[in-house]
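Student: I am new to this structure and would be grateful for a close look at a single part of it, followed outward to whatever surrounds that part. Please define each term as it arises.

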Amino acid sequence: MTATKEIADLDREYRSFGWPRPVFELALRWLRERDPGPSQEVTLVHGDFRTATSSSSRRVRAVLDWELAHFGDPMEDLGWICVNSWRFGEIDKPVGGFGSPRDLFAGYEETGRKVDPDRVMFWK
């Protein structure tokens, strides 16, 4: 899965509804203008890497649900966990409501891989 293919799939699905909306036109234009092109590295991407709230604990207990997994840009998962929706009110903790991008990127780079902040921003 590439960003270009993802954008095309979103555009096709949106247009199939036959219900034009300026916000989607603008969003798709923004994505097309910032398409980072193919990733130099292709890995298994979770596709929905984020946390969910639990009434019993604020600790991460497990990462489940791999139905959106695919081969693609590893920066996709790093961007997705930084989406505002997954902060659960913890707006000052942009990584899933529990951390900072600096710590996320440092941990990722400890594995020997490099973070591309521009690609992370695109996927976010």
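Tutor: Let us start with helix H1, residues 3–16: its 14 residues, at 1.5 Å a residue, should span 20 Å, and its end C-alpha atoms are indeed 20 Å apart, so expectation and model agree. The expected span is 1.5 Å times one less than the number of residues in the helix. Helices (H or I, at least four residues) and strands (E, at least two) are DSSP runs, numbered from the N terminus.

A word on the source is needed here. The model is predicted, so local features need pLDDT of at least 70 and side-chain atom pairs count only at pLDDT 80 or more, while totals for chains, interfaces and linings use all residues. Residues are numbered from 1 along each chain as its sequence is written, and side-chain values use heavy atoms, with hydrogens and water left out.

Which residues of H1 are buried? They are Ala3, Ile7, Asp11 and Tyr14. Here buried means under 20% relative accessible area, exposed means over 50%, and partly exposed is in between (1.4 Å probe, protein chains only). The buried residues of H1 cover an arc of only 70 degrees around the axis, which puts them on the same side of the helix. The arc is taken from the directions that lead from the helix axis to the C-beta atoms. The general background is that an α-helix has 3.6 residues a turn, so residues three or four places apart point the same way. On the face of H1 turned away from the buried side are the exposed residues Arg12 and Ser16.

The buried residues of H1 pack against helix H2 (22–34) and helix H5 (117–123). Contact, in this account, means heavy atoms within 4.5 Å. After H1 comes Gly18, whose phi is positive, near 60 degrees. Before H1 lies a segment that holds Thr2, a residue that counts as partly exposed because its relative accessibility is 34%. The C-alpha atoms of Thr2 and Gly72 are separated by 6.1 Å, although these residues are 70 residues apart along the chain.

Tyr14 deserves separate attention. At 10% relative accessibility it counts as buried, whereas Phe24, at 45%, counts as partly exposed. A search of the whole structure finds 3 aromatic pairs. Among them is the pair of Tyr14 and Phe24, which is tilted, with 5.5 Å centre to centre and 40 degrees between the planes. Since Tyr14 lies in H1 and Phe24 in H2, the pair ties together parts that are 10 residues apart in sequence. Another involves Phe122 and Trp123: their ring centres are 5.2 Å apart and their planes lie at 80 degrees, so this pair is edge-to-face. Rings of Phe, Tyr and Trp (its six-membered ring) pair if their centres lie within 6.5 Å; planes under 30 degrees apart count as stacked, over 60 as edge-to-face and the rest as tilted. Phe122 is buried, with a relative accessible area of 8%, and Trp123 is buried at 12%.

Phe122 also leads to the largest nonpolar core. Of the 15 residues in this core, Met75, Leu78, Leu104, Val115, Val120 and Phe122 touch the most other members. H1, helix H3 (75–80), helix H4 (101–109) and H5 each supply at least two residues of the core. A nonpolar core is a set of buried Ala, Val, Leu, Ile, Met, Phe, Trp, Tyr and Cys residues joined through side-chain atoms within 4.5 Å. Apart from neighbours within four places in sequence, Leu104 is in contact with Leu78, Ile81, Cys82 and Val95.

Leu104 belongs to H4, where Leu104, Phe105 and Tyr108 are buried. Seen down the axis of H4, these buried residues fall within an arc of 95 degrees, so they line one face of the helix. The face turned away from them carries the exposed residues Arg102 and Asp103. H3 and H5 are included in what covers the buried residues of H4.

Finally, the wider setting of H1 may be given. The protein chain has 5 helices and 2 strands, and from the N terminus on its elements run α-α-β-β-α-α-α. Of the 124 residues in the chain, 33% are buried. Among contacts with a separation of 6 or more, 62% are accounted for by residues 24 or more positions apart.
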